[in-house]
Amino acid sequence: MADGVVTFLFSDIEGSTERWERDSAAMAAALARHNELVRNAIEAHGGRVFKIVGDAFCAVFTGAAEATAAALDAQRALSTEDFSAVRGLRVRMAVHSGEAEEAEGDYLGPTLNRIARLVAVGHGGQILISHTTADLLQDAGAPENALRDLGMHRLRDLARPIHVFQLAAPELLEAFPP
């Protein structure tokens with residue numbers, strides 16, 4: 001991937017610290033399977049994992065449709081897996097597009113701040129989509145009903161609120177707390 005406009009997919013396991021504290025051996029096995037499923041979905045859609053922090057994935061794609069498809073495939077794969085040994089595993093995801101600068105395999109810039117804040121407000125099982133990415137998806141012909149409008153949200157440390165959407169698709173959870 002190069003500098004310029006790219007699309008990022010970030011993910012994070014909800015409540016992972018508690019699961020590690022409860023049973024670290026079971027969580028290590030669950031995390032290994034989680035990592036395999038998420039990485040497979042990212043790579044199948046042409047994305048590249050550029051960083052993993054604990055249980056959080058950071059991936060980059062050249063297109064919004066590919067990043068969104070990877071998030072959807074990852075959530076579907078995770079939802080069919082038996083994570084009962086750790087009392088279930090729910091992963092929040094966010095997709096955001098914008099300009100970023102690649103530096104030594106990592107990315108820098110305000111786009112990364114926005115997606116980090118966006119994934120942090122999500123709930124396990126939810127895929128949040130920024131307005132920027134939603135526009136790119138509609139330009140690519142994505143069905144409008146695939147995005148549920150969640151309105152404008154102020155995210156921590158960002159000067160302006162952002163318009164947030166939730167990806168709606170079969171096999172995804174639909175109802176989440178505000």
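**Notebook: Leu167, the cores and Ser97**

I began with Leu167 and looked up its contacts, skipping residues up to four places away in sequence: Leu167 touches Thr68, Leu72, Ile127, Ile129, Ala146, Leu147 and Leu172. A reminder to myself: this is a predicted model.

Next I checked for a second core. I found a separate one of 17 residues, and its members include Val6, Leu112, Leu118 and Val119.

Then I turned to the largest nonpolar core, which has 37 residues. Leu167 turned up again here, listed with Leu9, Ile42, Met93, Ile127 and Ile129 as the residues with the most contacts inside this core.

Where does this core get its residues? I noted the elements that each supply at least two:
- The strands are strand 1 (4–13), strand 3 (56–61), strand 4, strand 6 (127–130) and strand 8 (162–167).
- The helices are helix 2 (24–44), helix 3 (64–80) and helix 5 (131–139).

Helix 2 gives the largest share, eight residues.

My last stop was Ser97, which I found in strand 4 (residues 91–103). Is Ser97 buried or exposed? I put it down as buried, because its relative accessibility is 2% and the cut-off for buried is under 20%.

I also looked at what the side chain of Ser97 meets. One polar contact, of 2.7 Å, links it to the side chain of Thr7; another, of 2.8 Å, links Ser97 to the side chain of Thr133.

Finally, I left aside the neighbours within four places in sequence and listed the contacts of Ser97: Val6, Thr7, Ala64, Thr111, Ser130, Thr132, Thr133 and Leu136. Val6 was a familiar name, as I had met it in the second core.

Definitions and conventions:
Residues numbered from 1 in each chain as written. Predicted model: local features only at pLDDT ≥ 70, side-chain atom pairs only at ≥ 80, totals over all residues. Heavy atoms only, no water. Helix = DSSP H or I, 4+ residues; strand = E, 2+ residues; numbered from the N terminus. Buried < 20%, exposed > 50% of the residue type's maximum accessible area, 1.4 Å probe, protein only. Polar contact = N/O pair within 3.5 Å; in protein donor to acceptor, adjacent residues only side chain to side chain. Contact = heavy atoms within 4.5 Å. Core = buried A, V, L, I, M, F, W, Y, C linked by side-chain atoms within 4.5 Å.
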